[in-house]
Amino acid sequence: MDKTLYFWRMKNSVLSCNRLFLIICLLLLKGISGYSNTPSKREFRGAWIQCVNGQFLGMGTLRMQETLTYQLDRLKECGVNAIIFQVRPECDALYESPYEPWSRFLTGRQGQAPSPYWDPLAWMVEQCHKRGMELHAWINPYRAKTKTTNMLSKSHVAVKHPEMVFAYDGQLILNPGIPECRDYICKIVADIVARYDIDGLHIDDYFYPYPAAGQLIPDDKEYMTYGNGIRDRDDWRRYNVNIFMKQLYETIHDVKPWVKFGVSPFGIYRNKKSDPVMGSMTNGLQNYDDLYADVLMWVNNGWVDYCVPQIYWEIGHKAADYATLIKWWDRYAGKRHLYIGEDVVRTAKSADLRNPNINQLPAKRKLHDEMYNVNGTVLWYAKAVVDNIGNYGSLLEKVYWKYPAFVPSMPYIDGKAPKRVRKMKILYVDGDLVLFWKAPKGKGWKNEASKYVVYRFDDGEDIDISNPEKIVAVTPDMFYKIPDNSVRPGEKVYYVVTALDRLSNESKPRKKSFKY
């Protein structure tokens with residue numbers, strides 16, 4: 001039996017074509033003035049799924065899997081094509097780690113394995129890939145203990161090596177000034193990248209801790225020992241973070257060159273009063289001055305593959321106006337992929353400045369369209385989209401992300417597309433009409449296909465694969481079940497399949513005509 005036919009028979013074929021259809025009020029959409037509604041075929045559409053808020057505590061294995069399955073299904077319906085999944089919130093693990101204990105945010109007690117046993121990261125990789133989505137593993141590199149954690153496992157790094165951490169505002173922080181801490185984090189990351197088929201490794205905005213009133217970072221000893229002749233303590237702290245970022249980037253790409261390294265820094269780089277030349281017209285916490293995170297250095301030196309500034313404020317915010325900040329990042333951070341971190345709840349609950357009857361989603365999407373370097377969005381947080389706060393999820397599904405898109409390619413890692421798929425055919429299988437194809441020839445990560453894009457064109461239409469409205473599937477499989485409701489007797493159609501490699505480079509198309 002043909003292998004693809006065999007796997008088709010074995011695969012669960014319950015692929016409902018009936019989507020949850022929530023009616024969007026036309027009066028709501030009237031507020032989307034200026035929105036072009038021109039669909040984008042390449043756009044990073046991510047969502048953060050966090051554990052540190054305790055949303056999975058007490059669920060157990062089966063219920064957590066059911067919850068995540070529901071979230072992934074709904075996010076895919078809303079157009080999301082990448083999941084950023086938190087797997088290491090405090091030097092612990094939501095995966096089977098040989099170095100760090102199981103997370104209490106998974107089982108309720110640090111060091112306790114899940115029962116029934118499972119590996120959430122491995123499971124999420126499989127679930128995202130079968131839906132045509134990317135999975136980026138999200139770690140908090142320096143944070144060793146959150147404020148709410150009261151007990152650490154005996155295998156935790158802060159217990160085994162207390163000299164590597166310092167206490168600050170109820171937390172424990174791996175000391176960025178100690179070279180061994182950088183090496184330790186890179187060892188953890190190398191293990192994740194080597195053992196899991198992730199598409200990206202993601203870190204957030206926690207470097208040196210957020211300032212707390214009346215507290216000082218206790219790093220006098222480290223500054224004296226590892227100061228490297230840097231006279232200014234702030235410059236030395238930025239130096240520590242900079243060399244860590246460069247080391248982490250190199251660690252990831254040495255293990256697997258195709259795994260993307262992304263960072264989601266705090267939304268303000270510097271205020272104008274701190275930097276009259278490059279600072280933004282804002283008045284808030286600063287990456288450069290307060291967290292010692294020189295984000296622009298990382299972007300301009302190519303030490304990250306994508307940057308997602310967390311612009312969580314609303315348009316018109318007095319201290320940190322969203323419109324001001326998206327324009328600032330678009331101007332200064334375009335040398336690597338730039339996506340915008342969006343706060344779903346704040347956007348949904350903030351009134352549009354021109355039309356108070358609607359929220360700010362339409363205005364923010366319009367700003368995205370106007371930016372030259374912004375080519376994606378990451379939603380904070382996934383559950384808020386699934387819960388459809390302020391009709392946010394419905395508007396993504398029915399308006400903004402109505403048509404599928406796949407993530408932008410990264411030619412600075414690899415810009416060569418795979419070859420065409422081979423031997424396309426359409427067969428009846430168990431009463432279903434199924435399109436099959438074979439993988440293109442090619443060896444190695446630069447030439448092998450990782451997933452496929454299926455397009456459908458009516459007879460007489462131009463075969464234009466630049467039009468995402470014609471995409472009917474993005475799938476890792478080498479078959480596509482043709483929906484029953486698309487079958488019209490006597491109609492001739494064309495199905496077109498392209499191959500995508502690890503970096504979303506798209507092959508030339510191959511087509512197959514069929515008359516029902």
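**Exercise 1. Charge placement**

Task: In this predicted model, how far apart are the mean positions of the positive and negative charges of the protein chain?

Solution. Start with the counts: the protein chain carries 71 positive and 59 negative charges. Take the mean position of each set. The two means lie 5 Å apart.

**Exercise 2. Overall form**

Task: Why can the protein chain be called as compact as a globular protein of its length?

Solution. Begin with the content: 16 helices and 18 strands. Next, apply the globule rule to 516 residues, which gives 24 Å. The radius of gyration is 24 Å, close to that value, so the protein chain is as compact as a globular protein of that length. For the extents, the C-alpha atoms fill a box of roughly 80 × 55 × 45 Å along the principal axes.

**Exercise 3. Burial and surface**

Task: What percentage of the 516 residues is buried, and what share of the exposed area comes from carbon and sulfur atoms?

Solution. Buried means under 20% relative accessible area. By that cut-off, 57% of the residues are buried. The exposed area is about 22200 Å². Carbon and sulfur supply 51% of that area.

**Exercise 4. Helix α3**

Task: What span does α3 reach, and which elements do its buried residues pack against?

Solution. Helix α3 covers residues 60-77, 18 in number. At 1.5 Å a residue, 26 Å is expected; the helix reaches 26 Å from first C-alpha to last. Its buried residues include Thr61, Met64, Leu68 and Arg74. The buried set packs against strands β1 and β2 and helices α4, α5, α15 and α16. Just past the helix, Gly79 has a positive phi of about 95°.

How values were computed. Residues numbered from 1 in each chain as written. Predicted model: local features only at pLDDT ≥ 70, side-chain atom pairs only at ≥ 80, totals over all residues. Heavy atoms only, no water. Helix = DSSP H or I, 4+ residues; strand = E, 2+ residues; numbered from the N terminus. Rg over C-alpha atoms; globule rule 2.2 N^0.38 Å. Buried < 20%, exposed > 50% of the residue type's maximum accessible area, 1.4 Å probe, protein only. Areas by Shrake-Rupley, 256 points an atom, 1.4 Å probe, with all protein chains shown as cover. Lys, Arg positive; Asp, Glu negative; His and termini not counted. Charge placed at Lys NZ, Arg CZ, Asp CG, Glu CD. Expected span 1.5 Å × (residues − 1). Contact = heavy atoms within 4.5 Å.
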